[in-house]
Amino acid sequence: MTRTAFVGMVFIGALLAPAASSAQISCSREGLQRAVDLYIAAQAKGDTSRLPLAMGLGYWENHAPADINSGLVKTAMTIDHQRSLLDTATCQTFTEVIVTGKVQNGEKPYVLGTRLRVNRDKIAEIEILWTTTGYWLFNADSYLKYATTENWGAIPAGQLDTRASLVAAANAYLDAFLEGKKDLVPWGYPCNRTEGGAHTGNGSPTDSCDVGVPSGVNIANRRFIVDETIGAVQVFCTFGAGNANGGSGAPDSHLFRVENGKLHYVHTLTHLLQANFRGRGAGGRAGETGDGGDKR
């Protein structure tokens, strides 16, 4: 091979190679954000062919193993809003996806909670908890309205809560559902809660999330994704342990924003058909909407 030909091949290779500034999938914040960006592009198109999926990929919907080839990730959606947590300690992400279904004819509205786990430079797990029309308190328009007016920006460096304190705040809130010990919850003010689409608070500095929390329900099977940079912690769980006396066990997601150790936003998604409401005594869920009479 001549020197000229060799130099030419090197030059062409350099042109075809990815730019050095282009983030690659990894467990760094930049790498996890790259994984999220690829997922969002795939979900928007309903096409996973560009995702760097690991051999032996795990795929779940609503806490149950599912076939990715017929999964919701294969459904194209016009995404109106998305927000992500990046957990570098566990190499996971959580993305809240809001789809009002108004942009293209025939689209269904959805609110999704999607977890990714990265293994080196591949996506090893995809888990989606989805809600749509007919599910508990679902209202994508309302969810979008409130989610887009909230501040989930980076916490100032000197005010960051530790991972342990973020998990503790989430646990304190969820523990209150079993024994009703609300005095142990680190309530912040103002605090606003959006549950499926129902919302507490009216923009007042005294808005509180300390409304309508039931007792006697075991929020079980908790799994955490934590992003200290934005003061956020997300919990996949079940609303109850799945028996008649402790709640339906419906797949559930609770997302919290914590500032200076205090709760300021709570977002809740529950994969439970509204028509299946039968009250807590029949295995349902007691609602958090504040009137004390909502039960599922």
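**Exercise 1. Find the pattern in which the disulfides of this predicted model follow one another along the chain.**

Step 1. Count the disulfides: the structure holds two.
Step 2. Name the partners. Cys27 bonds with Cys91, and Cys191 bonds with Cys209.
Step 3. Number the bonded cysteines along the chain. The pattern is 1-2, 3-4.

**Exercise 2. Describe the link of Cys27 and Cys91, and work out which parts it ties together.**

Step 1. Check the distance. The sulfur atoms are 1.4 Å apart, and the cut-off for a disulfide is within 2.5 Å.
Step 2. Read the torsion. It is -95 degrees about the S-S bond, and the link is left-handed.
Step 3. Place the ends. Cys27 sits in the loop between α1 (3–16) and α2 (29–45), and Cys91 in the loop between β3 (81–87) and β4 (92–99), so the bond joins parts 64 residues apart in sequence.
Step 4. Classify each end. Cys27 has 32% relative accessibility, so it counts as partly exposed. Cys91 has 6%, so it counts as buried.

**Exercise 3. Do the same for Cys191 and Cys209.**

Step 1. Check the distance: the sulfur atoms are 2.1 Å apart.
Step 2. Read the torsion. It is about -90 degrees, so this disulfide is left-handed.
Step 3. Place the ends. Cys191 belongs to strand β7 (residues 187–195), while Cys209 lies in the loop between β8 (198–199) and β9 (219–227), so the pair ties together parts 18 residues apart in sequence.
Step 4. Classify each end. Cys191 is buried at 0% relative accessibility. Cys209 is buried, with a relative accessible area of 0%.

**Exercise 4. Is Cys237 buried or exposed?**

Step 1. Take its relative accessibility: 0%.
Step 2. Apply the cut-off: buried means under 20%. Cys237 therefore counts as buried.

Definitions and conventions. Residues are numbered from 1 along each chain as its sequence is written. This is a predicted model: local features need pLDDT of at least 70, side-chain atom pairs count only at pLDDT 80 or more; totals for chains, interfaces and linings use all residues. Side-chain values use heavy atoms; hydrogens and water are left out. Helices (H or I, at least four residues) and strands (E, at least two) are DSSP runs, numbered from the N terminus. Buried means under 20% relative accessible area, exposed over 50%, partly exposed in between (1.4 Å probe, protein chains only).
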